[in-house]
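User: Please take me on a close look at the last part of this chain, and at what surrounds it. I work at the bench, so plain words are welcome.

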Amino acid sequence: MTSDQTRDEQTSDLIDQVHHEHAHLRRLFDDLASSFAQIAAGDVGEKNQSDVVSAASEELEVALDDMLEHFDQEEEVFFVEIERRFPDLKPRIESLVEAHEEMTRRTRWLHKQLGKSAEKLSRELEVVVDVLNSMAQLIDGHTQEETALFDDVLQKIPEGERRGLLEKMRQI
Ligand SMILES: [Fe+2]
Ligand SMILES: [Fe+2]
């Protein structure tokens with residue numbers, strides 16, 4: 001096997017790892033968007049509706065914790081190191097951090113809406129569905145940008161350092 005092949009395999013392995021957490025979040029927001037679209041369409045009975053809302057609220061709380069942990073590790077470990085070594089990548093890192101903040105902000109907003117009374121929530125269902133759908137788009141764009149950045153960094157660093165970096169990335 002040539003070293004290029006090894007590198008490509010390591011890189012695609014890494015991309016799978018980076019995607020794993022993102023894919024999990026993506027699925028969660030997709031599922032929530034379709035559940036709330038059904039509620040908005042009047043396809044869910046009142047009793048089921050309150051069960052769906054409280055389950056969704058718990059899922060959002062867990063997702064927020066997972067997200068914050070993932071974002072913190074990226075920002076505190078990788079982005080700091082990448083920016084120190086490759087200052088020209090700063091604008092791309094800033095854009096990734098902005099997306100982290102936006103995803104966190106929207107998830108907190110959603111969680112807050114789900115804590116409101118059924119009557120108040122029923123008046124906001126369409127906005128809730130829109131925001132849930134917007135999260136899926138935001139996650140997709142972020143996944144692409146982040147994967148491209150990690151990929152570029154892996155190409156820029158000496159081959160001997162790649163394995164160490166990949167190992168560290170695997171832990172996030
Ligand atoms: Fe990430
Ligand atoms: Fe990220």
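Analyst: Happy to! One term comes first: a residue is buried under 20% relative accessible area, exposed over 50% and partly exposed in between (1.4 Å probe, protein chains only). Those areas come from the Shrake-Rupley method with a 1.4 Å probe, and for residues only the protein chains shown count as cover. This is a predicted model, where local features need pLDDT of at least 70 and side-chain atom pairs pLDDT 80 or more, while totals for chains, interfaces and linings use all residues. Residues are numbered from 1 along each chain as its sequence is written, chains are lettered from A and ligands numbered from 1 in the order written, and side-chain values use heavy atoms, without hydrogens and water.

Here is the setting. The chain has 5 helices and 0 strands, running α-α-α-α-α from the N terminus. Helices (H or I, at least four residues) and strands (E, at least two) are DSSP runs, numbered from the N terminus. Of the 172 residues, 37% are buried. The chain exposes about 9,800 Å², with 47% of that supplied by carbon and sulfur atoms.

Let's enter the last part through Ile157, in the loop between helix 4 and helix 5. Ile157 has a relative accessible area of 6%, so it counts as buried. What does Ile157 touch, beyond its neighbours within four places in sequence? Its contacts (heavy atoms within 4.5 Å) are Arg85, Phe86, Arg162 and Leu165. Arg85 is 72 residues from Ile157 in sequence, yet their C-alpha atoms are 9.4 Å apart in space. Links across the sequence are a wider theme here: among the chain's contacts with a separation of 6 or more, 79% involve residues 24 or more positions apart.

Next comes helix 5 itself, which covers residues 159–170. Its 12 residues reach 17 Å from first C-alpha to last, close to the expected 16 Å; the expected span is 1.5 Å times one less than the number of residues. The buried residues in helix 5 are Arg162, Leu165, Leu166 and Met169. They sit on the same side of helix 5 because they cover an arc of only 105 degrees around the axis, judged by the directions from the helix axis to the C-beta atoms. An α-helix has 3.6 residues a turn, so residues three or four places apart point the same way. Facing away from the buried side of helix 5 are the exposed residues Gly160 and Arg163. Two of the buried residues, Arg162 and Leu165, appeared already as partners of Ile157.

After helix 5 you meet Ile172, which is partly exposed because its relative accessible area is 23%. Leaving aside neighbours within four places in sequence, Ile172 is in contact with His70, Gln73, Glu74 and Phe78. Val77 is 95 residues away from Ile172 in sequence, but 9.5 Å away in space, C-alpha to C-alpha.

Two of those partners of Ile172 deserve a stop of their own. His70 lies in helix 2 and counts as buried, because its relative accessibility is 5%. The side chains of His70 and Glu74 are joined by a polar contact of 2.8 Å (a pair of N or O atoms within 3.5 Å, where within protein one must be able to donate a hydrogen and the other to accept it, and residues adjacent in sequence count only if both atoms are side-chain atoms). Besides Ile172, His70 touches Glu21, His22 and Glu146, not counting residues up to four places away in sequence.

Glu74 and His22 also lead to His142, a residue of helix 4 that counts as buried because its relative accessibility is 3%. Beyond its four-place neighbours, His142 is in contact with His22, Glu74, Leu96, Ala99, His100 and Met103. Among the buried residues of helix 3 are Leu96, Ala99, His100 and Met103.

The other stop is Phe78. A search of the whole structure finds 1 aromatic pair, formed by Phe78 and Phe150 at 5.8 Å centre to centre and 65 degrees between the planes, which is edge-to-face. Rings of Phe, Tyr and Trp (its six-membered ring) pair if their centres lie within 6.5 Å, with planes under 30 degrees apart called stacked, over 60 edge-to-face and the rest tilted. This pair links distant parts of the chain, with Phe78 in helix 2 (residues 46–85) and Phe150 in helix 4 (residues 118–156), 72 residues apart. Both rings belong to buried residues.
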